[in-house]
2 protein chains.
Amino acid sequence: MTRPTLVDVARAAGVSRATAARVLAGGTNVDVRMSAAVAVAAEQLGYEANSAARMLRGGRAGAIALIVAFNELDSLGGTFFTSVLKGAAKGLYDAEVQPVLLPADQDGSDRIPRFLRSRAVDGAIIILQHEITHLAQALVASPVPIAWVGRPRVELAADAIVVDSDNYGGGRLAARALVESGRRRLAMIAGPRDMGPARDRIRGWRDELADLGIDRGPLAHGEFTLESGSVAMARLLDGQGDLDGIFASSDLMANGAMRVLQSSGRRVPSDVSVVGFDDVVIATTSDPPLTTIRQPLEDMGRVAAETLVAVVQQHEVDRQPILPTTLVRRQSA
Amino acid sequence: MTRPTLVDVARAAGVSRATAARVLAGGTNVDVRMSAAVAVAAEQLGYEANSAARMLRGGRAGAIALIVAFNELDSLGGTFFTSVLKGAAKGLYDAEVQPVLLPADQDGSDRIPRFLRSRAVDGAIIILQHEITHLAQALVASPVPIAWVGRPRVELAADAIVVDSDNYGGGRLAARALVESGRRRLAMIAGPRDMGPARDRIRGWRDELADLGIDRGPLAHGEFTLESGSVAMARLLDGQGDLDGIFASSDLMANGAMRVLQSSGRRVPSDVSVVGFDDVVIATTSDPPLTTIRQPLEDMGRVAAETLVAVVQQHEVDRQPILPTTLVRRQSA
DNA sequence: TGCACCCCAGAGAACGATCTCTGGCGCCAA
DNA sequence: TTGGCGCCAGAGATCGTTCTCTGGGGTGCA
């Protein structure tokens, strides 16, 4: 009933603990006959090293925490997280590191910092859209390395690990796409004022329009959600009814905006073109399918995992990679 | 730099290791002064017990694996998994057990069985819609207890842990809902023939219609996906054009069916009523919003977690709970 | 043939928390 | 005052793996 240990394997193979360990570690410097005997014994007994003992002896935990907001997982915005989560999990899988899920939004307890102190994981990847302030503060002082997916609002150390996409370039791409399809009466639905990525998209949008000599038009802020996109669109239409090109800073907001445009009698894209941001599932299922700025979400998760693993293993690596955004043409623009 | 150990705490408090351990374990039988000194020392040093050492000494791992298909996480069907995942993760959180994500679909290696043998987790929860056959076989012989969410195709031991919803009752509810809204020319789009839950829904549907004395109409099979729902609907319309009530065995298939109905000129629900199954996000965002049979996905995840934790702790518990399904009325029927 | 060096196997220690066992001290009763 | 009992703190062992150190044997060269 009890699981076989290294001693059992060694005894079965007629060698000492140390020799068995050497063989199983990928044994150089071991007699072939002994090596074979150990391999056979391990196979027959179904031996697998006890991870706790290995970890205790001084190795790494071989696990990395994924800190996510559980409550958002199965909401409409969930595909944002799940894509990053999927990439991160795959990256960790390839590095033979186990992903441990930690909820960021359960309560105000200090369980996450305590868990990180218990050495059960070698590091953590933070995947949050709406940040949890008290948590971010605690994480800045983490005893293990932290990788952020998307730059947070809190101040980070210069050598912090941050994986982001080219939000500024994405803003430029959106502006160029609308202008190239002949739109001139433009408006933007941006994300929250105090989020770095949201601001970068605004800057890119404005710089590109300035370069092209086109009026930048009005700006409304939303919270990246579908509803906030609808509200912002309604506000824009109140101010200036003859818009013909909308750049929304998330696909969800773009969808909310399209619904308002359509129920006001405008057709997309013949009357108004709409460009979104993110390229999540809803961009393909909306009517019409959404032209959008693609963030490589899965790649961002994967790169975060790879970068963090490299740091844990003390390899040199770029700690703040920026992944390119691209224009995906569908039918809304 | 090195993290404080129990010895450091004991030294700072001027007591022995054993006394410090007793205090931190929730110490009865310890002098109040010593107890206070230990608590203060632990607080000041920021002590947190090394999980590997605790685990090695004979305790439980304090972690449970969540086996999911990564590739489906961010697809349209993803909300099914993520809802269960969310419930399971919350249930584990409440039990102070860590969820460790394992991918079921990365390759054909034996990493999952090996991981389960390494004692890094005390059990595993399997969340799969499309099963991975070779894996299911390996899991039946798992060294740690396994909880299945949804009954798998493989044969399980009589004391296996299986959390399911009342698929049979759900089929009955769907039939009654369509009949009560006056529909008589019915058809069903079912799931794969060889899946137990899919078959249970068919049985419920047929039994209820038999009880009501209504013709059960034709049946088409799909794969739970949106596209397969469209295909099945087209097939049904080919056979018998005057249908007025459709029960689809998943919300995705119901959506696919609605699209085909609408593009054939039929209106939902005035010409044809449609009832789905699952109640995932797409049921609320479709046009019209979908009347559906709700599976309590998050509860299923939570119950799976709670049941598995109880079994690991050797408590008596119902190992095969069935959670109720309910009718959620929206606009498609 | 003898000496020295190298290679490889085994014994021992260490990781850190927890449980058992022992011993000492204090209190109460005879 | 002494013996016995009970309570509580500390020393030691233990979990299973890995790393270091030591010793023995074999081989090669002089």
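Guide: Two residues count as in contact if their C-beta atoms, placed from the backbone, lie within 7 Å. This is a predicted model, where local features need pLDDT of at least 70 and side-chain atom pairs 80 or more, while totals for chains, interfaces and linings use all residues. Residues are numbered from 1 along each chain as its sequence is written, with chains lettered from A and ligands numbered from 1 in the order written.

Visitor: How many residues does the contact take from chain A and chain B?

Guide: Chain A puts in 37 residues and chain B 36.

Visitor: Which element gives the most on the chain A side?

Guide: Helix H5 (78-94) of chain A, with 9 residues. Helix H4 (51-56), strand E2 (98-103) and helix H6 (111-117) of chain A also give two or more residues each. Helices (H or I, at least four residues) and strands (E, at least two) are DSSP runs, numbered from the N terminus.

Visitor: And by class?

Guide: That side of chain A has 18 nonpolar, 11 polar and 8 charged residues. Asp, Glu, Lys and Arg are the charged class, and Gly goes with the polar ones.

Visitor: Switching topic: which residues come nearest to DNA strand C?

Guide: A:Ser16, A:Asn29, A:Asp31, B:Leu6 and B:Ala53, out of 26 around the strand (C-beta within 6 Å). Helix H2 (17-24) of chain B gives the most to that surface, with 4 residues. By class, the surface near DNA strand C splits into 14 nonpolar, 6 polar and 6 charged residues.

Visitor: What about the sheet in chain B, what order do its strands take?

Guide: It is an open sheet of 6 strands in the order E7-E6-E8-E9-E10-E12, with mixed pairing (at least two DSSP bridges per pair). Strand E7 (219-221) and strand E12 (326-328) of chain B are at the edges with a single partner strand each, so one side of each has no neighbour in the sheet. E6(B) and E7(B) run parallel, joined by 3 bridges, and B:Ile189 sits opposite B:Ala220.

Visitor: Which helix lies across E6, E8, E9 and E10?

Guide: Helix H11 (residues 251-263) of chain B, running at about 155 degrees to E9(B). Helix H9 (residues 196-212) of chain B packs on the sheet too, touching E6, E8 and E9 of chain B.

Visitor: At what angle do H8(B) and H9(B) pack?

Guide: About 40 degrees, with their axes 6 Å apart. Angles here run from 0 to 180 degrees between N-to-C directions of lines fitted to C-alpha atoms. H8(B) and H9(B) are therefore oblique (outside under 35, 65 to 115 and over 145 degrees). Among the residues that meet are B:Tyr168 and B:Arg172 in H8(B), and B:Trp205 and B:Leu209 in H9(B). The residues of this contact comprise 9 nonpolar, 5 polar and 7 charged.
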